[in-house]
Amino acid sequence: MKKIILFFLFCSAYAATAQQLTFGKGVVMDSVKVLDTISESFALYLPTKFEVTKPSPVVFIYDTEGRGANVVRMLMMAAEKNQFVLAASNNVRGDQPLSKNVLISKRMFQTVFDMFNIQKGRVYTAGFAEGARLASVMPTFFSQIKGVISCGAGIANSEVLSSNNPFHFIGIVGLKDYNYPDMLQKENVFNSLKFKNQTLVFDGGHEWPNQELLSEAMELFNIGAMVDRVIPLDTAFIEETYRGNLGRVNKLISENNPLFAYRKLEDIMKVYKPLIFVDSLKNSLKTLRRSSGYKAQKRNESSVFFKEALIKQDYDYALEEDIYTYNYNNLGWWKYQMEELRKYEKNPNIFMQHMGVRLRSYLEALIADHMDMIRSDSPVDEEALNFLWMLKTITAPEVYDNYLKVISINSKFEDFGTALFYLEELLKIGYDDVDRLYALEHTALLRITPEFNQLIDEYLKKARYDIIEE
């Protein structure tokens, strides 16, 4: 049965007017108004055991497309297990100035602080990808934020970090995420500044982690709060999570992953050392570090990271040059690169396989970034966009829309030869939506040509115009 809480409260911005607000526990509310404004709202989740009088920790989640309810649902189960309040703005956007997002955040924070008894020193942020980068920047503007859960992205700008304003950074990243090497390297920055930090790794790509890892991140916040004496020590909780983490280390060892077991054990010592005796783990660390399996995996990973960094540099340089010069002749080089990636992905070396997947997703993200930059210019450089759509038919040859965009753009400029070439390539991979082909933007002249209809007739037997042979 859904539990309902009834609050009678006075918001600071409207101290003279009592507001009756009804919230459900254990459900996501998608449009809670910010300080009685018309334009701003946020999604909210209160755990089922939420109590009005009991101080609660809160995580403010960021999504750069303003999908508050969606991202709250991503952390809902973890929040329920750990009794965290969740809130996410519906008005934060990646295409608006940082200053505006900061002000939107400030109003949302104040609304939540006015509505609920939020525990001092237990305010956190979280996000995925660009949302994670935005979440990681918020402690710079709001000193009450004591931790960040950053999924699939590192810190937005490490130069703004200061040992005078430390916070607990927890990165969660997939082995096949193109940000994985960077997030591992950023640990050195946090360590040098004496920030609490951990990196949780899972077997996946550039995607949200599962609820287990998100829950583990919240557990780490709880332990960090105990270390800082923000909340009382909970001996049973400490022992339970400690044993659970040792179990994860043993699982990694049994799966022949001494490198990841070593890193996990390092984190355990760092997290629990202020609370319990962990010196006995030093011998386990030494044993792992001296093992041939650890040494081989460490060398392997280092070698792959070095190679990966060089290839990324090649992609960055080549793509920028090709866009600037409209270098269609270099599409063959990009096709070769895709063949190389397929080889990496089939390599018996698991580190090389992961590198191949990461490089593929890195290139896709790089192309998307350039497309966004080009579209933001005025006027839009359609020639550059055309090159990028052609490139996408190579990097993602199974995606029909890439071919349709090329056909449309080249038809607009009456380059029918190129349009027909990509039409045939599209039909070869099984595209059969005749209605869309005959309604495609800018193709009015193209689709009445004999060549267009001959291709439709050859592959689909559905040409709409007679083919007149001379």
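**View 1. The loop that carries I448, and the patch it belongs to.** In this predicted model, I448 sits in the loop that runs between α15 (434-437) and α16 (450-460). Together with L445 and Y465, I448 makes a nonpolar patch on the surface, about 300 Å² in area.

**View 2. The largest pocket, seen from its lining.** Here we look at the largest pocket, which holds about 1,200 Å³ of space. Its lining counts 39 residues, and those closest to the centre are L200, V201, L252, F260 and K264. Seven elements are worth picking out, since each supplies at least two lining residues: the strand β10 (197-202) and the helices α4 (180-192), α5 (211-227), α6 (235-254), α7 (258-272), α9 (292-325) and α11 (350-376). Which helix gives the largest share of the lining? That's α7, with 8 residues.

**View 3. A cis peptide bond at P379.** Zoom in on the loop between α11 and α12 (382-395), and you'll find P379. The peptide bond leading from S378 into P379 is cis, its omega near 0°. For context, most peptide bonds are trans.

**View 4. R229 and its positive phi.** R229 is placed in the loop that links α5 and α6. R229 isn't a glycine, yet its phi is positive, at about 60°. Most residues other than glycine have a negative phi.

**View 5. Confidence, and the start of the chain.** Across the chain the mean pLDDT is 91, with 94% of residues at 70 or more. Residues 1-20 are another story: their pLDDT is below 50, though the stretch has 44 contacts in the model beyond near neighbours in sequence. Where pLDDT is low, predicted coordinates shouldn't be read in detail.

Technical notes: Residues are numbered from 1 along each chain as its sequence is written. This is a predicted model: local features need pLDDT of at least 70, side-chain atom pairs count only at pLDDT 80 or more; totals for chains, interfaces and linings use all residues. Side-chain values use heavy atoms; hydrogens and water are left out. Patches are made of residues with over 30% relative accessible area and no salt bridge: like charges are joined within 9 Å, nonpolar side chains (Val, Leu, Ile, Met, Phe, Trp, Tyr) within 5 Å. Accessible areas come from the Shrake-Rupley method with a 1.4 Å probe; for residues, only the protein chains shown count as cover. A salt bridge is a side-chain nitrogen of Lys or Arg within 4 Å of a carboxyl oxygen of Asp or Glu. Helices (H or I, at least four residues) and strands (E, at least two) are DSSP runs, numbered from the N terminus. pLDDT is the predictor's confidence in each residue, from 0 to 100. Contact means heavy atoms within 4.5 Å. On a 1 Å grid over the protein atoms alone, a cavity is a set of points where a 1.4 Å probe fits but cannot get out, and a pocket is an open set with protein on both sides within 12 Å along at least five of seven lines; lining residues have an atom within 4 Å of a point. Grid points are joined across faces, edges and corners, and a volume is the space filled by probe spheres set on the points.
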